[in-house]
Amino acid sequence: MTAPGPAYPPGYGAAPPMPRVEMGVLDTIAESIFGDASAPGKWRPLSLGTFFSEGWLEPWAGGPAGRSGLTPRHGWLGAFEGVFYRLWLVDMIYQNNLNRPYGGNGYRGDAAIFIPFSRRFELFLNVPFVTANGTEDPTRGYRSDFGDISIAGSFLLSETESFTQLFTLGAIVPTGQTETGGDLMTIFPRYSFWSNPGGGAWVFRGGTGINVPLNKNDQRPDPVIEPGGGLVFGESTSQTSYNAALALGRYFTPHDVPFGDLVLYANCNLIVPLEDDNLPTYVGVGPGTRFHIANNFWFLHYWEFPLTGDKPYDYQMSTAIVKAY
């Protein structure tokens with residue numbers, strides 16, 4: 001999932017951490033959502049060894065911008081998350097020349113929100129308010145529908161100044177239509193990380209996971225009658241798949257300048273079908289950018305070009321406006 005993130009001052013994290021303070025469940029949630037997440041000294045490292053004992057009753061605090069304050073913990077379109085965010089966003093996706101019988105281009109609009117409940121847990125909700133593409137229905141060569149809603153919970157495994165890792169368990173709910181790629185119930189466990197290797201202006205991030213469709217047989221094509229009278233049942237195009245992504249980027253500007261926190265990055269996505277040997281592996285690569293507009297509004301853009309197999313489209317372009325709160 002494409003995941004933008006909040007802004008932090010370049011020097012954030014320099015203050016010594018405050019003593020550990022735990023709250024009640026409701027107070028922790030309220031402070032995580034509405035409190036000052038970038039208050040000096042509020043953040044402190046969390047280890048994997050204390051996963052079950054620390055952080056659950058501590059309000060979320062935004063992590064420092066790497067070892068040297070040059071790499072804010074932002075999200076990039078097309079890349080795995082790797083860190084917690086507190087923001088909402090609207091993004092549009094365009095797919096050029098779909099590989100469908102009636103061709104055409106694909107369009108999708110999403111509204112999403114990231115809500116941290118504590119240092120250890122965050123909720124994500126994505127609502128595709130429109131998805132439109134070509135179809136195999138000869139009576140409707142082009143259509144637009146509401147898409148499948150996604151909801152996920154992320155657990156912070158550990159976090160230091162230069163490294164964060166998450167485990168996410170999510171589900172896609174079949175609120176869309178089959179003709180536009182929806183009406184599919186899917187669960188997706190995944191691991192993701194964010195890192196600032198060497199402490200300079202570079203960020204390396206990525207992740208891996210599995211997508212498991214639960215109602216794929218509902219989307220099988222109608223059976224075909226053979227010349228001898230037998231029935232041949234088609235296979236669903238939805239498959240359990242292995243997913244992975246890696247991205248590398250560099251920040252070029254500080255926060256309080258025009259085009260603040262400007263980052264340029266390259267990303268690679270991999271999707272490997274696990275049930276049908278005849279379905280090709282998907283590899284897509286592309287460049288992206290992100291920069292600050294004003295008042296914690298951000299602009300993000302990403303291009304992706306398929307490299308292997310039966311390409312689902314010639315290229316894909318994503319644009320988003322993000323508001324960190």
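Glu 81 and Arg 190 are both buried in this predicted model. Their side chains meet in a salt bridge, with a distance of 2.4 Å from N to O. The two residues come from distant parts of the chain: Glu 81 belongs to the loop between helix 1 and strand 1, while Arg 190 belongs to strand 7, which covers residues 186-195. In sequence, 109 residues separate them.

This pair is one of the salt bridges to consider here; across the whole structure, a search finds 8. Another of them is formed by the side chains of Arg 73 and Glu 159, at 3.5 Å from N to O. Arg 73 is located in the loop between helix 1 and strand 1, and Glu 159 is located in strand 5 (residues 149-159), so this salt bridge ties together parts of the chain that lie 86 residues apart in sequence. Arg 73 and Glu 159 are likewise buried.

A further salt bridge joins the side chains of Glu 54 and Arg 44, at 3.2 Å from N to O. Both Glu 54 and Arg 44 sit in the loop between helix 1 (25-34) and strand 1 (87-96), where 10 residues separate them. Glu 54 is buried, as is Arg 44.

The Glu 54 and Arg 44 pair also has a place in a wider arrangement. Through salt bridges that share partners, Arg 44, Glu 54 and Glu 58 are joined into one network.

Taken together, the loop between helix 1 and strand 1 supplies Glu 81, whose partner is in strand 7. That loop also holds Arg 73, whose partner Glu 159 is in strand 5.

Terms used:
Residues numbered from 1 in each chain as written. Predicted model: local features only at pLDDT ≥ 70, side-chain atom pairs only at ≥ 80, totals over all residues. Heavy atoms only, no water. Salt bridge = Lys/Arg side-chain N within 4 Å of Asp/Glu carboxyl O. Helix = DSSP H or I, 4+ residues; strand = E, 2+ residues; numbered from the N terminus. Buried < 20%, exposed > 50% of the residue type's maximum accessible area, 1.4 Å probe, protein only.
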